[in-house]
Amino acid sequence: MILTDYFAKIVYIRHLSQNPGFVEKALKLKSTPLFCAGISLRKITEMLSRIYRRNFCTCSPRPWLFVGLGNPGEKYKGTRHNVGFEMLDAFAESQGIQMETVHCKAMFGKGFVNGVPVLLAKPLTYMNLSGESTGSLAAYYKLPLNRVVVFHDDMDLPCGVLRLHPKGGHHSHNGLKSVIYHFRANREFPRLRIGIGRPPGQMDPKAFMLQKFNLTARERIDAALVEGIHALKQVLSKGFSESSKCFNTEQKYKHIRLQTLPT
């Protein structure tokens with residue numbers, strides 16, 4: 001293959017890389033110049049992957065990273081402490097984004113929502129080490145922290161109430177502690193707080209968080225997941241500041257309505 005042909009193939013690859021799903025499309029087109037020129041399938045995949053990552057990191061608008069906090073494994077599925085995972089899964093399913101790869105110690109997926117690139121991650125490190133994965137992903141994709149939204153459970157909110165906050169402390173949440181630590185003590189990253197309510201009576205908070213939801217609480221959480229999906233889509237289209245104002249106002253009235261009701 002002469003040098004001019006090689007550069008022509010690079011231009012062709014760059015053209016393909018502008019479209020979502022271009023890797024899959026390119027590998028299905030056996031008659032394309034890439035295959036006709038005799039470039040191996042492995043070489044094509046490597047070239048496409050490098051360009052895909054570079055384009056995804058530098059494309060405009062800049063990507064968002066959504067991270068759901070929780071514990072991996074069937075033992076923890078459906079527990080209060082895992083609502084961050086549930087929100088991430090619900091959003092991924094609603095947008096048709098597959099969470100099938102492991103990247104930076106997380107179940108990982110990426111795609112586009114109305115043209116906006118988004119990265120989705122569920123750390124597999126267990127809750128207390130969530131920052132190992134989150135910090136690595138933010139660094140790998142060279143993202144400013146204001147483009148990283150962390151979803152987590154919150155006992156300070158009634159069950160099913162949500163809040164979008166631009167920054168804050170960890171409030172004794174070990175997952176957030178780890179994320180802040182791996183962000184070099186920087187707390188200025190957005191969060192989606194998902195209310196799970198307070199434990200009844202003298203119940204140990206740790207035992208409460210690791211319990212599954214009862215029927216009433218489950219219904220509230222399912223409704224909250226739908227509201228969260230809508231809020232996150234607004235974040236992607238309008239930005240965090242504008243979308244959070246409207247959303248938090250709506251949730252404030254929900255907070256007042258639910259705070260005295262049993263779960």
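This is a short walk through one predicted model, from the whole chain down to single residues.

I will start with the overall picture. The chain has 263 residues, and 50% of them count as buried. It contains 10 helices and 7 strands. If we take the contacts between residues at least 6 apart in sequence, 71% of them join residues at least 24 apart. The exposed surface of the chain comes to about 13,500 Å², and carbon and sulfur atoms supply 55% of that area.

Next, a word on confidence. The average pLDDT over the chain is 86, and 78% of the residues reach at least 70. One stretch to note is residues 6-20, where pLDDT stays under 50. The model does have 27 contacts beyond four places in sequence for that stretch. Where pLDDT is low, though, predicted coordinates should not be read in detail. I will leave that stretch there.

Now to strand 1. How many of the residues of strand 1 are buried? The count is 5 of 5, so the strand is mostly covered, with buried meaning under 20% relative accessible area. In a regular strand, side chains alternate between the two faces of the sheet. Here, Trp64, Phe66 and Gly68 point one way, while Leu65 and Val67 point the other way. Both sets are buried.

Strand 1 has two pairings to show. With strand 4 it pairs in the parallel sense, over 4 bridges, and Phe66 stands opposite Leu120 of strand 4. With strand 5 the pairing is also parallel, again over 4 bridges. In that second case, Leu65 stands opposite Val148 of strand 5.

That brings us to helix 6, residues 130-140. Its buried residues are Ser130, Gly131, Ser133, Thr134, Gly135, Leu137 and Ala138. What covers them? The cover includes strand 1, strand 2 (101-103), strand 3 (106-113), strand 4 (116-123) and strand 5 (148-154), along with helix 7 (174-182). So strand 1, which we have just looked at, is part of the cover over helix 6. Just after helix 6 comes Lys142, with a positive phi of about 55°. I will return to phi shortly.

Helix 7 is the next element. Its buried residues are Gly175, Leu176, Ser178, Val179 and Ile180. Which elements do they pack against? They pack against helix 6, strand 5 and strand 7. Strand 5 therefore appears in the packing of helix 7, and it is also among the elements covering helix 6.

The last topic is backbone angles. Most residues other than glycine have a negative phi. Lys142 has already given us a positive value, and there are two further residues to mention.

Lys105 is not a glycine, yet its phi is positive, at about 60°. Where is Lys105 placed? It sits in the loop between strand 2 and strand 3. Its relative accessible area is 48%, so Lys105 counts as partly exposed.

Arg184 follows helix 7, and its phi is positive, near 60°. This residue lies in the loop between helix 7 and strand 7, which covers residues 191-195. Is Arg184 buried or exposed? It counts as exposed, because its relative accessibility is 79%.

To close, here is what to look for in the structure. Begin at strand 1, which pairs with strand 4 and with strand 5. Then look at helix 6 and the elements that cover its buried residues, including helix 7. Finally, find Arg184 in the loop after helix 7.

Conventions: Residues numbered from 1 in each chain as written. Predicted model: local features only at pLDDT ≥ 70, side-chain atom pairs only at ≥ 80, totals over all residues. Heavy atoms only, no water. Buried < 20%, exposed > 50% of the residue type's maximum accessible area, 1.4 Å probe, protein only. Contact = heavy atoms within 4.5 Å. Areas by Shrake-Rupley, 256 points an atom, 1.4 Å probe, with all protein chains shown as cover. Pairing = 2+ DSSP bridges. pLDDT = per-residue confidence, 0-100.
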